[in-house]
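Hi everyone, thanks for making time. I'd like to walk you through one structure today, so let me put the sequence and the model up on the screen.

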There are 2 protein chains.
Amino acid sequence: MWQFEVLHDFVVGSAPNWEIVQRGRAGNTIDHMKLKEFAKQLGLSPTTVSRALSGYPEVSEKTRQRVTEEAVRLGYRPNINAVRLVTGRAGAIGVVMGRSGEFQFSEYMSGMAERLDSEDIDILVSPLAEQGGKNENQLYSRLATSGRVDAVIIHSPMPNDERITLLHRLGMPFLVHGRSETQVPHAWLDIDNEGAIRRATSHLIDLGHRRIAMINGRAGLTFSLHRDKGYREALAQRGIQFDPHLVAHGHFTDELGFRFARSFLEQSPRPTAFVAGSMMTALGVYRAVRSFGLVVGRDISVIAHDDVFPYLTADNMVPSLSTTRSSLRAAGARSADLVLQLLSGRPATEIHELWPVELILRESTGPVPQAPG
Amino acid sequence: MWQFEVLHDFVVGSAPNWEIVQRGRAGNTIDHMKLKEFAKQLGLSPTTVSRALSGYPEVSEKTRQRVTEEAVRLGYRPNINAVRLVTGRAGAIGVVMGRSGEFQFSEYMSGMAERLDSEDIDILVSPLAEQGGKNENQLYSRLATSGRVDAVIIHSPMPNDERITLLHRLGMPFLVHGRSETQVPHAWLDIDNEGAIRRATSHLIDLGHRRIAMINGRAGLTFSLHRDKGYREALAQRGIQFDPHLVAHGHFTDELGFRFARSFLEQSPRPTAFVAGSMMTALGVYRAVRSFGLVVGRDISVIAHDDVFPYLTADNMVPSLSTTRSSLRAAGARSADLVLQLLSGRPATEIHELWPVELILRESTGPVPQAPG
DNA sequence: GTAAAAATTTAAAACGATTTGGATAAAGCA
DNA sequence: TGCTTTATCCAAATCGTTTTAAATTTTTAC
């Protein structure tokens, strides 16, 4: 065994709060041209200028042309905070980031950013970092009533998600990334987790596997339930008895993938195939399989769900990993799109989108070995 | 070889822009109590109430007590957009998210969120997604002048980073996560990349390694240069000739880790040790080493830099991975802290923080094998 | 050529807070 | 007590837009 040596600890200091430094109007050093001034330079009234820039019809095309051109030339841009105050719009979509800091998060966000690039809308990541039920509700409530966002995106919903009821009651538009069974009408975008896992499981059964282990997401979340359902359906269709000892729930980490996989492989007879919840989980499963002196793709088949990350691809694993695949980035982009539709008045009840999931077979899946165990 | 089968494609529709639906004051369904109303209920003037809530000294403690209590009871909260307009503060810190969507991003953000939880400040992720130099400047400029943020955080700086000059010129407070060599004074928080890699490399040399390959970050970025410097220094100290054929630059993906490592291992004599830029890179390196029928920790030593991710840990790799380690989450939290200090008036020139990096030795590093090549 | 209709433009009133510059009440001092 | 100082509180101005309601100009219709 090698030496375990810690040479340094890093130092994290503390700091004073953001105190009031100077009273009086603060603001940035940058001083913009104001509407009044700009209008005067154009020889127009502020009203006309405002309308011209906002694209209202009461202004002649010739004037609008001139106004927009001059705005660029003189560098006039409306003060966003004044606009927000008077219109009541915030120009931002809220996303709540949990303390756990999921690695999927940035991929989804990046997709959103891609779509919002052309709009004048920001993403507000709200540091509502508390965990757990009650407090979390309070925090969503604060976000919704804070006036900082025009809409909110809810992630990882549960079948009966209080956040949905809450936001609906508060009249805050929101999109659920995932699904819920609440009666409350709500817009959602989800991938077909049930179908994906059903197909993956069926395929494994087709290959002769009978003991198929399933490493699912956190218990209680809708997508975990859907995946569970798909898994059970596939088994039931082929008359295979469901075995609760072959199912586990938890965060998508390599650590849990490893631990769960190991505990499954210790069983006798051991499973001959795994359905893994994420790429990280799959890494753990691969490691566990190897630690038993077994070979993925020959002794043990593995299918994992892949959200398509640029930094970790199924094709590159050894052996290459069979996956159910759906682009999280695309989902992020489309989510942003749907939120914009929501804000432009499309009723939430019309916004339901279920994406099919690809099943891509690679080297990690194969026929069940002749003499298992 | 297994079948490669695509069963479905997902469908991404398009959508109309966020058009003007109804004119007239929009706003949310939620109608808050207003200051005037609230003040009247208390029998006080708006001025006093405002001051009481903002913590100014001109109000008696007794009154302040009453005001804050009643505010909670009656649910009064100042309209944030009115506050923003009048104070000129935005109550948000801006972060620009590149189109590439680094996996490290969410960990850093999560750290920021942790620190900002107690403050009334948001993180604004600006969908300034364009790539490349010129355009990116424009986009930073827009963010800085938009009035949407009070400060900006710059990531992955270059030694002579235009963004720094730009933000300084615009008078927008900012913190550099990383370092730069610009003359422009600026606040920064960085880890000691040079020292970390110097130490890692030295350690490998101590173990007898002479051909040490280095998979670095993207070329031109300050931290890549620092790491390069540390690497070269370590070699120079021991009189080992620097070999440019043993150095590569690129994004931190398993793919590049694999490809670079393979190309190095094809050389003769081949390297006996690797310094890898990130955990993902390390995954690729492990894979490449195995693909040559070699064993990490015996034939080939590997040290990688670890930003401490909850979902992928060095201890769990097989063999466990020796790392230079520094918590990105902690850096995020501290960054938020420093930005708050900056906003409260602490001069940028005083805010320079260099964090030492741990070197943690595990199983992936060992003495150079007797008959290499 | 004039009246009515349509197309432009505008002055002034919001939006909801903070801050200025005073006013009032309470406390301190001779 | 009377005067000054200090501790509280307040009315009105301000932040920079959008929107209302009304005024002007231009076009159309007869």
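Let's look at A:Arg51: a polar atom of its side chain sits 3.4 Å from a base nitrogen of DNA strand D. Please keep in mind that this is a predicted model. A:Arg51 is also among the residues that come nearest to DNA strand D, along with A:Ser50, B:Ser45, B:Thr47 and B:Arg51, out of 30 residues around that strand.

Which part of DNA strand D do the backbones of A:Asn79 and B:Ser45 approach? For A:Asn79, a polar backbone atom is 3.1 Å from a phosphate oxygen. For B:Ser45, a polar backbone atom is 2.6 Å from a phosphate oxygen. The elements giving two or more residues to this surface are H2 and H4 of chain A and H2 and H4 of chain B. If you take the atoms of DNA strand D within 4 Å of the protein, 62% belong to sugar or phosphate, and bases make up the rest. By class, the surface near DNA strand D has 12 nonpolar, 12 polar and six charged residues.

Now over to DNA strand C. There are 30 residues around this strand, and A:Ser45, B:Leu35, B:Ser50, B:Arg51 and B:Asn79 come nearest. Sugar and phosphate make up 64% of the strand C atoms that come within 4 Å of the protein.

Here are three contacts you can find on the screen. A:Ser45 has a backbone N or O atom 2.6 Å from a phosphate oxygen of DNA strand C. The side chain of A:Thr47 places an N or O atom 2.8 Å from a base nitrogen. And B:Tyr76 has a side-chain N or O atom 3.3 Å from a sugar or linking oxygen. Which element gives the most residues to the surface near DNA strand C? That is H4(B), with five residues. The residues of this surface divide into 12 nonpolar, 12 polar and six charged.

Last stop, away from the DNA topic: a helix pair in chain A. The axes of H10, residues 254–265, and H11, residues 279–291, come within 7 Å and cross at roughly 40 degrees. H10(A) and H11(A) are therefore oblique to each other, and the crossing is right-handed. Residues in contact include A:Phe258, A:Ala261 and A:Leu265 from H10(A), and A:Leu283, A:Val285 and A:Ala288 from H11(A). The contact as a whole divides into eight nonpolar, four polar and four charged residues.

That's my tour, and I'm happy to take questions!

Note on methods: Residues are numbered from 1 along each chain as its sequence is written. Chains are lettered from A and ligands numbered from 1 in the order in which they are written. This is a predicted model: local features need pLDDT of at least 70, side-chain atom pairs count only at pLDDT 80 or more; totals for chains, interfaces and linings use all residues. Side-chain values use heavy atoms; hydrogens and water are left out. Axes are lines fitted to C-alpha atoms, for helices over the stretch in contact, and angles run from 0 to 180 degrees between N-to-C directions. Helices (H or I, at least four residues) and strands (E, at least two) are DSSP runs, numbered from the N terminus. Angles under 35 degrees count as roughly parallel, over 145 as roughly antiparallel, 65 to 115 as roughly perpendicular and the rest as oblique. A crossing is left-handed if the near helix is turned anticlockwise from the far one by less than a right angle, and right-handed if clockwise. Contact means heavy atoms within 4.5 Å. Ala, Val, Leu, Ile, Met, Phe, Trp, Tyr, Cys and Pro count as nonpolar, Asp, Glu, Lys and Arg as charged, and the others, Gly among them, as polar. A residue is near a molecule or strand if one of its heavy atoms lies within 4 Å of it. A polar contact is a pair of N or O atoms within 3.5 Å; within protein, one must be able to donate a hydrogen and the other to accept it, and residues adjacent in sequence count only if both atoms are side-chain atoms.
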